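Visitor: I have a model open on my screen and would like to learn how to read it. Could you walk me through it?

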Amino acid sequence: MRYTVPENRTVPHLLPESPDFAARPEVLATGYLVGIIEWACIEALHGHLDEGELTLGTHVKLSHLAPTVPGSTVTVEVRLVEVDGRSLFFEVDASDEHAVIDRDRFEARLARQNEAARQ
């Protein structure tokens, strides 16, 4: 599944009544990422459930490792890895187009951080 992040899916929009959220950067909110992942799992099950059956997400173990800015496209790959009775277990990978980094810039930044740590 591919999802282009609109501005209204950033952290300040997650709970707009919270001034703490409103003061955060405009990057994809983890709460919205969970929803996008659940959507991808639902999509993956189309055609595999019997009439009248549906699924609900009940447990999520997630690491959101990098910010995603509005306009970026998140690609979500889901794999059904286990069926235990009525419970389904998925492995999920989600990334955006910025997941590929420029090695020279990364190594230069790392060198600057190492230099700062030594001072």
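Guide: Gladly; we will take the sheet, then the helix, then the core and one loop residue.

Guide: This is a predicted model, so local features need pLDDT of at least 70 and side-chain atom pairs count only at pLDDT 80 or more, while totals for chains, interfaces and linings use all residues. Residues are numbered from 1 along each chain as its sequence is written, and side-chain values use heavy atoms, with hydrogens and water left out.

Visitor: How do I read the sheet, and what is the order of its strands?

Guide: Strands of a sheet pair through backbone hydrogen bonds, either parallel or antiparallel. Strands here are DSSP runs of E with at least two residues, helices are runs of H or I with at least four, and both are numbered from the N terminus. Two strands pair if DSSP finds at least two bridges between them. In this model, 3 strands form an open sheet in the order β1-β2-β3, with antiparallel pairing. The edge strands, β1 and β3, each pair on one side only. On average, neighbouring strands are turned by 30° against each other, direction ignored; axes are lines fitted to C-alpha atoms, for helices over the stretch in contact, and angles run from 0 to 180 degrees between N-to-C directions.

Visitor: How many bridges join β2 to β3?

Guide: There are 10 bridges between β2 and β3, whereas 3 join β1 to β2. To trace the β2 to β3 register, find Val78 with its partner Val92, Arg79 with Glu91 and Asp84 with Ser87. On the β1 side, Arg2 stands opposite Thr75 in β2. The hairpin of β2 and β3 has 2 residues between the strands, and Gly85 takes a positive phi near 65° there.

Visitor: Where does α3 lie, and which of its residues are buried?

Guide: An α-helix has 3.6 residues a turn, so residues three or four places apart point the same way. Here α3 lies across β1, β2 and β3, at about 60° to β2. Its buried residues (under 20% relative accessible area; exposed is over 50%, partly exposed in between, with a 1.4 Å probe and protein chains only) are Tyr32, Leu33, Ile36, Ile37, Ala40 and Cys41. Their cover includes β1, α1, β2 and β3.

Visitor: What is in the largest nonpolar core?

Guide: A nonpolar core is a set of buried Ala, Val, Leu, Ile, Met, Phe, Trp, Tyr and Cys residues joined through side-chain atoms within 4.5 Å. The largest one has 13 residues, and Val5, Leu28, Ile36, Val74 and Val76 have the most contacts inside it. The helix α3 gives the most to this core, with 5 residues.

Visitor: Is Ser72 buried or exposed?

Guide: Ser72 is buried, with a relative accessible area of 2%, and lies in the loop between α3 and β2. Beyond its neighbours within four places in sequence, Ser72 is in contact (heavy atoms within 4.5 Å) with Tyr3, Thr4, Val5, Asp96, Glu97 and His98.
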